[in-house]
Amino acid sequence: MEKWKSRWGLIFAAMGAAIGTGNIWRFPKEVAANGGGAFMIAWIIFLFTWSIPLLIAEFSIGKKTGLGTIGSFKVFAGKKYAFMGAWMLVVSTVIGFYYAVVMGWVIRYFTVAASGSIPSNTSVLWSGFISSPFEVIFFQLVALLVSAYVVYRGIAKGIEVVNKILIPALFILLLIAAVWALCLPGAVNGLKFLFIPRMEYLGRSETWISALAQSAWSCSAGMGMAITYAVYMRRKDDTALNAFITGFGNNAASLIAGIAVICTVFALSSTPDAAMGTMESESFSLTFVHLTRLFTLMPGGVFIAAIFFLAMSFAALTSMISGFEIAVRNFMDHGWSRHKSLTFITIVTFLLGLPSAIIVSGNAPVFLNNQDHVWGMGLIVSGLFVAFAVWKYGVSRFRNELINTGYNDIRIGAWWDFVIIVLFPLQFIVLILWYFYQSISMHPGTWFNPMEPTGFATVIVQWILVIVALIMLNKWIGRKIIK
Amino acid sequence: MKQVFALIIIICFLLPFQPAPAVNGQAHYISEAKEQSTYHSYASMTTELTGLAESHSDIVSMFSIGTTYEGRKLWVIKLSDNPDIDESDEPDVLYMGAHHGNEKPSYEVLIYFINYVTEKYYENSNEGSRVRYVVNNRELYIVPMVNPDGVEANKRKSQEPNYGPLGNPLPDIGIGDPVGVDLNRNYDYMWGMVYPADSANPYSNTYQGESAFCELETQAVRDFVGSHDFVLSLSYHTYSELILYPWGYTPQPTDDDELFRGIANGISAINDYEVMQASELYMTSGDACDWLYGEKVSLAFTIELGKEHSPPIEEVLNISKTHVLVNLYIAEIADNPGGEWVIREEKAKEDKGSIFDDTLGSFAAMSAMMMIMFGVVWGGLAKCISIAVKSEKMKVKHGKMEK
């Protein structure tokens with residue numbers, strides 16, 4: 001089987017998967033809403049109690065089995081649990097359906113910025129763009145073809161090469177945007193808002209839960225990415241240190257993006273109040289309406305807008321690639337060729353992404369928001385499944401036999417056992433209850449209606465449909481794995 | 001393959017902009033224009049109010065706070081004793097009407113109120129003494145028409161055309177209205193935040209404008225409100241018989257939810273309208289009340305009058321009579337609504353901007369936290385990478401030795 005050419009290829013690819021658009025538009029919003037530095041304290045803690053331990057487990061499982069998510073669960077947790085691997089496949093693939101659309105938007109905005117034609121009314125630009133289906137589908141298709149082409153070229157020639165170029169480039173672009181923002185008069189207010197810890201927030205449960213959610217979503221832990229990428233490791237490769245580098249790298253990018261976004265907003269808004277108001281707008285509207293408008297207020301801003309959206313495009317591409325590879329790996333385990341798997345998954349992703357591209361109300365992509373609402377949280381369930389596989393194997397045994405193999409650059413101590421056994425289920429329960437509570441309380445009259453796009457019932461109905469289908473197909477899913 | 005990509009890239013850049021398609025406003029807003037000769041026009045209102053200000057100069061003053069796109073003056077009537085002096089010990093109350101030009105009763109109630117006050121002030125009756133108390137101990141500011149251009153056109157929105165990307169006025173495409181901004185979406189508090197909504201669409205009847213406070217009318221209100229300290233404010237609209245209080249942009253309650261509901265229930269006891277948080281009706285952002293409360297710390301209510309936009313004039317008269325009492329009630333409680341309000345108002349002013357002050361402490365806290373965060377994250381990253389680099393070097397060495 002094909003292998004990574006070098007360790008750095010794997011590290012950049014894993015970082016590329018972890019760093020996505022969420023680092024750029026979600027992180028700054030969350031910090032702003034939850035007390036700046038206070039949020040960051042919680043966010044750092046959860047890096048070590050959720051994201052990194054989970055990545056370590058995933059890397060170890062993938063490296064051991066040499067199979068994609070379905071095969072890994074079949075081998076690791078037992079035949080009965082192959083459906084859990086299939087769940088991971090479904091979650092990452094369905095996220096891919098709408099992620100391609102989002103990536104298309106970002107590419108579109110890059111072209112608008114790079115050609116210097118951002119109109120003064122960015123609301124009109126945004127609503128006009130997303131409500132013209134052909135334009136959106138065209139860019140969705142561009143996003144898909146570019147991603148598919150990279151995966152088609154294989155691990156070393158495609159994924160590795162692209163990530164080795166794009167991830168350093170992404171960091172450089174973000175740094176340029178951040179430095180530009182810092183040089184604007186008034187940027188210091190943004191820095192203060194971002195970093196001064198407002199300690200009263202540490203006493204609020206919302207701060208901690210938002211930090212956990214941000215950490216869990218942002219690192220791609222639970223996606224199956226680490227399982228899949230570990231398949232192409234060599235026997236003597238490290239897993240533990242690579243997981244740490246992935247996690248730190250992800251957070252490092254978030255910090256830079258946070259400075260770039262928040263300092264831009266504060267420096268270019270008329271008052272700090274207006275800036276704080278802007279930071280509270282929805283992710284899409286923050287990025288595609290407000291930030292886009294603010295960029296145009298400064299000479300040279302259009303250039304930075306182009307850099308910003310190029311960075312976003314890179315972040316999206318490297319994440320999209322990993323989603324494709326997760327699916328392709330699973331199909332290859334069933335005996336298909338890379339070429340055939342990829343053609344199939346690209347067509348499916350295109351067709352099933354169409355509703356997200358087309359169904360729009362006003363300036364809100366309602367179907368896409370629904371899918372993000374449902375499957376974003378599916379990722380947390382995937383995380384629980386990985387922990388379950390480890391529990392079945394025996395947590396200490398897992399650590400001794402599969403993590404501390406002697407090939408790792410660092411030893412993982414007993415803290416990992418504690419995290420997986422005690423903290424993990426605790427965090428899962430808190431997170432999922434909070435999510436359900438929110439999706440009910442935000443829609444007091446309609447949460448039980450499955451047609452409410454961000455309600456409670458829509459999550460449960462879609463999850464149950466998928467889980468039941470997968471359990472019924474469990475035997476068929478697991479039978480065909482070829483080693 | 002390369003040629004294909006090159007072609008795609010070229011197409012990406014060549015795709016032209018498409019104008020946003022029109023989306024109809026909420027059904028609630030669609031007005032059926034009925035000409036009512038007995039309603040005031042801008043001109044007849046101006047004449048009437050000018051006359052009142054002259055004949056009752058002891059309690060009425062009239063001044064303009066700005067000019068509209070079509071050149072009309074935005075009139076404010078101040079009702080108070082010594083109307084030409086700003087008496088700082090008297091609480092200020094704000095009444096506004098006709099943010100939406102097609103909602104005529106919203107200014108009729110205010111014109112009626114001004115007439116009522118000037119008439120009753122000298123009367124030896126219970127009503128007279130009630131009016132005298134309010135006029136002598138409060139400063140009432142009334143903006144009967146925030147949107148006189150809209151009133152004259154009998155349109156909801158302001159009347160400056162919206163412009164396309166090339167600076168051309170947007171064409172009429174048969175659906176929606178290419179002219180004007182919904183002034184009650186144009187205030188700079190959480191402006192443009194709520195979506196789904198069609199407020200970003202210039203053809204929509206609820207278009208929020210190109211930016212917050214982009215309209216001359218809202219700018220005038222902003223500057224006027226900024227120079228006063230309004231404890232309470234009422235914004236009149238039509239229709240649905242509702243009393244709305246903030247927030248409009250989020251279903252979350254305000255910190256003063258109880259206070260809002262208490263006062264709203266007080267209003268409801270007079271006019272028998274239904275009380276609800278604005279976002280419960282539908283979510284909006286950039287409306288006057290959210291801004292008045294969120295930015296200016298004023299207890300702000302929206303009252304949706306009556307059962308239609310242009311009821312028969314006799315019905316308007318009934319509504320006006322009822323709302324004289326609402327206006328007086330609001331003025332009366334303005335010295336200390338709910339007890340704790342005034343303290344909160346002051347505290348809010350202190351809290352605001354404290355982290356943005358240029359103090360050594362805030363710089364120190366900021367720098368310390370930055371160093372910690374970058375130390376942990378970037379330091380951790382650097383440390384891990386250096387271990388990995390060393391280990392890779394070792395592997396290369398070992399590989400060579402084995403050979």
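Modeller: Two residues are in contact if their C-beta atoms, placed from the backbone, lie within 7 Å. This is a predicted model, where local features need pLDDT of at least 70, side-chain atom pairs count only at pLDDT 80 or more, and totals for chains, interfaces and linings use all residues. Residues are numbered from 1 along each chain as its sequence is written, while chains are lettered from A and ligands numbered from 1 in the order written.

Colleague: Which helix of chain A gives the largest share of the side that touches chain B?

Modeller: The contact draws on 51 residues of chain A and 48 of chain B. Several chain A helices (DSSP runs of H or I, at least four residues, numbered from the N terminus) chip in two or more residues, including H4 (37-65), H6 (82-114) and H13 (240-268). With eight residues, the largest share belongs to H13(A).

Colleague: And how many residues on that side are charged?

Modeller: Sort them by class: Ala, Val, Leu, Ile, Met, Phe, Trp, Tyr, Cys and Pro are nonpolar, Asp, Glu, Lys and Arg charged, the others, Gly among them, polar. On the chain A side, 25 come out nonpolar and 19 polar, and the charged ones number seven.

Colleague: Which residues of H18(A) does H4(A) meet?

Modeller: The contact of these two helices has six nonpolar residues, one polar and one charged. From H4(A) come Leu54(A), Ala57(A), Glu58(A) and Ile61(A), and they meet Gly383(A), Val386(A), Ala389(A) and Val390(A).

Colleague: Is H5(A) mostly covered or mostly open, and how many of its residues are buried?

Modeller: Buried means 20 or more other C-beta atoms within 10 Å of a residue's own. Phe73(A), Lys74(A) and Phe76(A) are among the buried residues of H5(A), and the buried set packs against H4, H6, H12 (225-230), H16 (301-333), H18 and H22 (474-479) of chain A. So the helix, residues 69-77, is mostly covered, by the count of nine of nine.

Colleague: What residue follows H5(A), and what is its phi?

Modeller: Right after H5(A) sits Gly78(A). Its phi is positive, near 115°.

Colleague: Which residues have the most contacts inside the largest nonpolar core?

Modeller: A nonpolar core joins buried Ala, Val, Leu, Ile, Met, Phe, Trp, Tyr and Cys through C-beta atoms within 7 Å. The largest has 197 residues, of which H6(A) supplies the largest share, 25. Leaving out residues up to four places away in sequence, Ala177(A) touches Ala260(A), Ile304(A), Ile307(A), Phe308(A) and Ala311(A). The two with the most contacts are Ala177(A) and Ala311(A).

Colleague: How many residues are in the other core, the one with Met190(B)?

Modeller: That core lies apart from the largest one, and Val117(B), Val324(B) and Val326(B) are also among its members. Its residue count is 86.

How values were computed: Buried ≥ 20, exposed ≤ 12 C-beta atoms within 10 Å, placed from the backbone.
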